[in-house]
Structures are given as C-alpha cells and as structure tokens.
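Visitor: I have the two chains open on my screen and would like a guided walk through them. Could you take my questions one at a time?

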Amino acid sequence: MPSFSSRAMSFTVAAALSAALSSTAFAQKKYDTGASDTEIKIGNIMPYSGPASAYGVIGKMEEAYFKMINDQGGINGRKINYITYDDGYSPPKAVEQARKLVESDEVLFIASSLGTPSNSAIQKYMNAKKVPQLFVATGATKFGDYKDFPWTMGWQPAYQSESRIYAAYLLKEKPDAKIAIMYQNDDFGKDMLKGLKDGLGSKAASMIVAEESYEVSEPTIESHIVKVKATNADTFVSFTTPKFAAQAIKKVAELGWKPTYIQSNVGASVGSVMKPAGYEIAQGILSANYAKDGADSSWDNDEGMKKFYAFLAKYAPGMDKNDGSVVYGYGQAQTIVQVLKQAGDNLTRANIMKEAANLKNFAPDTLLPGVTISTSPTDFYPIEQLQMQRFKGEKWELFGPIIAGKIEG
Amino acid sequence: MSTVQDVSAAPAVAAVPKKAMALGPMASLIILALLIVTPLFVKNFIIFQMTMWLIYAIAVLALNILTGASGQFSLGQSAFYALGAYTSAILMEHVGVNYALTLPVAGLVCFIAGFLFGLPALRLSGIYLALATFALAVAMPQLLKLGVFEHWTGGVQGLVVTKPDAPEIFASMGLKVSQDMWLYFFTLAVTIVIYLLSVNLLKSRSGRAMMAIRDNEIAASAMGVDVSLYKTLAFGVSAGITGVAGGLGAIAVQFVAPDGYTIQLAIALFLGMVVGGVGWLPGSLAGAAFIVFVPNIAEHISKGLSGAVFGVILIIIIFLLPNGARQLAYGAQSLIGKLRKH
C-alpha cells in the first residue's frame, strides 16, 4: 500500500509538474516592439489643427481614459503609453506621423487614427509593416476589407451598414415608397448611396425616383431640394453633413413638402442640425443611432452613462458631454482596453490583431442597450447594429428593434 | 492711388548680388558629403524625413527662382506641386510608366501650366499677383475632386502609389538597399541636378535678364530685355521644378489626395523661402528644414498650442535674422575670414 501510494504520489506530482510546465509554456510572455513587462505603447494620429480640428477631442478623450486606466494599475500590470500626433488632416503629414510612430517611437499598434484621407494614406504602409491599424475613426466601408488589408479594422458602423438599415426599414414600413435621395458628392455620400441601393436590392430601380448630389463647396443646396420635390417622391433620404442637413430640413418645410424623411446619422446632431433648423419643423424625422446621446437626460440613470459622467468629472472636466466626439472617444478607448485585456501576456502584433478580430458581444458603456461589438477573422466591422430613432420634441426618441446592417463580402 | 503704385513699382525683393546666389565650392562639398553619408547611419524613418526635406527644398528652390530672381510673388506653388504629384501618380498607376520617367513629364506638364498661367499674370504685379496665385492654390484641391476627372484622380479617395524598389543591380552586388534609402539617393541626385541647372540658369543671360527685371522693370526693357517673355519664362521654370518636386513627393508619400495640397502647403513653401533667405538658392535647404522639422519641434513643446509655438519660433527667427539663413551663412563666412587673418 505505501509503495502504491508513493507511486501514486509521484505520478500526481509528475502530472502536476507537467501541467505547471505546460501552463507556463502557454502563458509565456511574448512581446513585439512596443510592449514590455511594464508598458504598452499605443500610437494615434489626430487632426488637432486644420479643418477637422473639432474631432481632436477624440484623441484627448482617449488620452484621459488611458490615464484613468493607468491610475487603476494599468492592464495586467502594464501602463499604457499613449502617443498622439497631429496631422492637420493632411495625408502626407499622416504618413510622416505614422512612420514616426512605428519606426521612431516604436509603438505596438496605431489606434483610432482619424479621417478617411489620412487612413487611406497610411493603410498600405501599415499593412506592409504588419502593424495593426485598429479602430480607424471613419465610417468608410473600405476599412473592413480583411482579405486585402488584414491589419486594418474599422469601429463605428460603416456608412453602408447604416444605409442598409434605412433600406430594411423602408422595405418593411413603406414597400411602395417613391424615394428621392440627396447625397454629398464624396466618399461618405457615395458609400451611403451604395448601401441603400444594395439594401433595397432588386427593388432599388423601381423605388428610387431621384438621385441628386451636391458638392461640399456649394453654399446652399436649396435648388437641389426644389428639383427632387418635383419628382413627386413621397420619401426623402438625406445623406448630408450637418450644415446641409439643416438647410435641407428647412427647405423641405418651406416648400410644404411632407415626405417620410430619413436623415443620416452624421447630420443628425441635435445641437448642430436640429436646433438651428428649428425643432417644430424637424418633428418626425427619422434617423438611426448606435451610441447614447450625452445630451439626453433620459440616460442619467443608466449604469454605463453614470460611469461615463463620473469619468468626465474626474479626468476630463473641460469636455462637453453634448459633443458626440466625447462619447465616441470614450467608447473607442474602452474597446482598445478590451482587446488588450483579451491579449493578456501575448502582446505581439499578430495576437493584437487576432484578439481585435475575436471580440464577442462586447458592450462599451456608451453604446445603446443591445448594440454590441462582435468581430471575427472574416468580419472586420465591429459595430454593425443601429436602432431607428424619430425626432420628437427636442430630442431623438428610439423605437423598434436593434437592427444589424451586415455587409456581405 | 500713388501709394499703391509705389508699392508695386518698388523692387519686390532686395537685390542679391549674382555671385552670392550660390555657395562656395568648399561649403558645397561639405554639405554634399553630409547629405551622402548621414543616411547610412540613421533609421529608415529619419531617411524618409530627409527625403521629404529634399523634396520640399526643391519646391522652395523653385519659388526662390521666381521670387528671388525675377521678383514675382506666388502663393500658388501648391497648385503646381499638386499637378506634378498627380501627373506622376496617374502615369505610374494607370499607365504603368516607370517612376523615374514620370518626373520629366510632370515637370513638362507643370512648365506648360506655369507658362500659360504666367501670361495673364503679366498684367499683375506685386501683391496683386500674389492674390491671383492664391486663388489658384485655393481652387486646385476642388478641381482635383471634380467628378469629370474622377476615373483618373480617384476623387476624394485619392490614389495609392506603389513605392519603387532599389534597382536589382545593388542586390546583385551584395548590397542591401532599402526602398527608403534608394528613394533618398534618387531624390538627392534629382536635387543636385536641379540645383546645378538653377545656378547655371541664374548665371546665364536669361538669369541676368530676370534679375534686371526684378531690380527695375523699366530699365530692363530699355536695355532690350523682353520683359513679358522672361517673366512668363520664370513662371514656367518655377512651376516645372515644383512639378518635379510634387512628383517625387507623391512617390515618397505613396499617396496623393486633394487634401494634401491645400493653401497650407503654398504658405509653407513661401515661409521656407523667407526663412532660407529670398534669392539665395542654398537657403532653400535651410528653409525646407524649417518647414519639415520645426512643426514637429513645436508639437513636442506643446500639443495644444503647437500652432502658437510655431508662430513664436517664426517671429524670433524673422526678428533675429530678417534675411533668413543667408544672413547666418554670411556671418559665419566673415567670421571664418577674420579667424584666418589672425
């Protein structure tokens, strides 16, 4: 018996040893440039100066959020070193800053760089260098192309996802709609237009009665509105940016036209569109959203938003909670932290990308209840769900289910 | 009426003696040696920055020929830079032309564009010409976005350009030359050629004619200089050289988009010329260094106030060295001269 027990003992010890060995082998720390036992370096490029400087808030929010994470002890004991540079919304400058981050500062990856032109400019470089270009701050659909650019991933709903949701809504609620579309003649407007047409599918040709585009440089788009009204459409879809969105709302009301009115999320801000256009005439306008509105008091008792407000009060007291970019930056920073938590001690660039493509139903504090982030090796579009909303009184009112606007292929 | 006329009739820039337009042989060789040796010891990122520095130096040099030699102002250099960049990018990506061959084409296209623009510009002088070229710079990004050209220009999305590899001859010799390194030396060669041609141009009959126009238009025409021809020629040459710089810029950055060629670029080039010393060609190198590196230094000092810090640095430089790097170089020269005598 003793011999047996000692043998059993040695067997157990051996088993335990081998298990311990294999688990240490499994949990062995692995690092690429930019990560160490004490630090994770993250790079970022923002237009702090120049025409798009209003978006610079996103970078400042993320910086503040990572400061909070560091004050709480960092991620698995590692502090985040967030290096953010200004590109002034200029593509050549973005290339210079990206190279500086990768080759001189030696960051582990670049996250939430802003703008379609700047991200287009650095995409090829980042993929050639095999450095993750995570959660780019633009809705251009081309940043979810996992086949050609496996190191680039978007974050917010792609413009095509959003307009597919409008298509789904129209097909269900108003299948015989006569649709007139007004879109901005650039990557944003064209992306939206394509999503809507793809979403309507075979019915697109019969449902769409007018497509009218305008240039960003035009002072007013009123004459275009008069033109599309003449087509006798009963549904008006406005893929416009804030200034033009407000003009369109005003002109449609002025003409006494009462179509089913859909406004893209980009131009649906209460502060910069609905208020200047006039609350009375904006009633009943439809749009879609994926994030909570910091200006909406109905979220005051929401657990996620309470955390968000508490964070703002302590780490970013100067920030305006009504600014959509503030909410945006917070959500992005949380997603980055989630990826780093999932990556654990394996902080190689390949593993960062693997974990970014392995987010499962992750819900940052600032997304609408039910909207979650999910990715896979063949799905590089983190947020694909939105909820329809209708303008009522002085704010947006959500209605209907959360809808996913999946982009195939 | 009279004040305005006085302004436009006065020479636009202080005269620079002809022999002071270039550096002495000794100084030139030292700078050249530094430009050749430094990249061998630094990181690829620094090499990339040095490439951009040389490219901007070419563009500043082009403006220096226009303003420093012929006395005409231009705030529209970004338009020619964009035209050159797009010419190179389109030829490389749509037609499949070798990158090196796209540069002469870009130069030629811009020369013609500059020459044609120079014709109406003849009627304008001084600040009015500056305004006309300003309009050109503002219009350019929007023209590039036009739907008509979208098939070629890629519209707002821009065009991605493939970066050239070093010729295989280096690999067969057992040398490992990175893309950045190769592009740097390629740019350096182009820079040297353009610099030598420019110096020779200014020393030639045409250069003398341009400078005569700069110093006094009426006297020049009395001496038989064809004022309108040389003024437009200066515009054409300047635009052509800027176009070559633009083409190189497109290859180095690997991307062209309308947002890269806004009025900001034109102002940066103008700034580079003033900081380097108007009319002093080697100053282009110093001026370009200013516009490439100083914004980074400013950002390093304060992120939120980078623009203000940049402004303060600029004011200090203009205050201490009103004639730009030229003043510094002359100061150093006379100092060395004195030391030698002792």
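**A walk through the two chains**

Guide: Happy to, and let us start with a pairing in the predicted model: A:Ile110 has A:Gln133 in strand 5 of chain A as its bridge partner.

Visitor: How many bridges join strand 4 and strand 5 of chain A, and in which sense do they pair?
Guide: Strand 4 of chain A covers residues 109–111, and the pair A:Ile110 and A:Gln133 belongs to its link with strand 5. The sense of the pairing is parallel, and the number of bridges is two.

Visitor: Which strands stand at the edges of that sheet?
Guide: The sheet is open, with four strands of chain A in the order 3-2-4-5 and parallel pairing. An edge strand has a single partner, so one side of it is left without a neighbour in the sheet. In chain A that applies to strand 3 (79–86) and strand 5 (133–134).

Visitor: Strand 12 of chain A also has partners; how many bridges does it form with strand 13?
Guide: With strand 10 (residues 286–289) of chain A, strand 12 (residues 385–392) runs antiparallel over four bridges, and A:Leu286 is paired there with A:Arg390. With strand 13 (residues 395–404) of chain A, the pairing is again antiparallel, and A:Phe391 stands opposite A:Trp396. The number of bridges between strand 12 and strand 13 of chain A is seven.

Visitor: Which residue takes a positive phi in the hairpin of strand 12 and strand 13 of chain A?
Guide: This hairpin has two residues between its strands. A phi near 70° belongs to A:Gly393.

Visitor: Is A:Asn232 buried or exposed?
Guide: A:Asn232 is not a glycine, yet its phi is positive, at about 65°. It sits in the loop between helix 8 (222–229) and strand 8 (235–239) of chain A. The residue has 11 C-beta neighbours inside 10 Å, and 12 or fewer is the cut-off, so A:Asn232 counts as exposed.

Visitor: And B:Gln254, buried or exposed?
Guide: Here too phi is positive in a residue other than glycine, near 65° for B:Gln254. Its place is the loop between helix 12 and strand 2 (255–256) of chain B. With 21 C-beta neighbours inside 10 Å, against a cut-off of 20 or more, B:Gln254 counts as buried.

Visitor: What radius of gyration does chain B have?
Guide: Chain B is built from 16 helices and two strands. For its 342 residues the globule rule gives 20 Å, and chain B is close to that, so it is as compact as a globular protein of that length. Its radius of gyration is 20 Å.

Visitor: What about the radius of gyration of chain A?
Guide: Chain A holds 13 helices and 13 strands, and its C-alpha trace spans about 95 × 50 × 45 Å along the principal axes. A compact globule of 409 residues would come near 22 Å, and the value for chain A agrees with this. That value is 24 Å.

Visitor: How many residues of helix 3 of chain B are buried?
Guide: Helix 3 of chain B has 26 residues and reaches 36 Å between its end C-alpha atoms, close to the expected 38 Å. Just after this helix, B:Gly71 takes a positive phi of about 75°. The helix is largely enclosed by the rest of the structure, because the buried count is 23 of the 26 residues.

Visitor: Which helices do the buried residues of helix 9 of chain B pack against?
Guide: Helix 9 of chain B (residues 179–203) should span 36 Å at 1.5 Å a residue, and its end C-alpha atoms are 36 Å apart, which agrees. Its buried residues include B:Met181, B:Tyr184, B:Phe186 and B:Leu202. They pack against helix 3, helix 10 (205–215) and helix 12 of chain B.

Visitor: Which helix of chain B supplies the largest share of the side that touches chain A?
Guide: In this interface, 23 residues of chain B are in contact with 23 residues of chain A. Helix 3 (44–69), helix 12 (227–253) and helix 15 (306–320) of chain B each supply at least two residues to that side. The largest share, five residues, comes from helix 3 of chain B.

Definitions and conventions. Residues numbered from 1 in each chain as written. Chains lettered and ligands numbered in written order. Predicted model: local features only at pLDDT ≥ 70, side-chain atom pairs only at ≥ 80, totals over all residues. Contact = placed C-beta atoms within 7 Å. Expected span 1.5 Å × (residues − 1). Rg over C-alpha atoms; globule rule 2.2 N^0.38 Å. Pairing = 2+ DSSP bridges.
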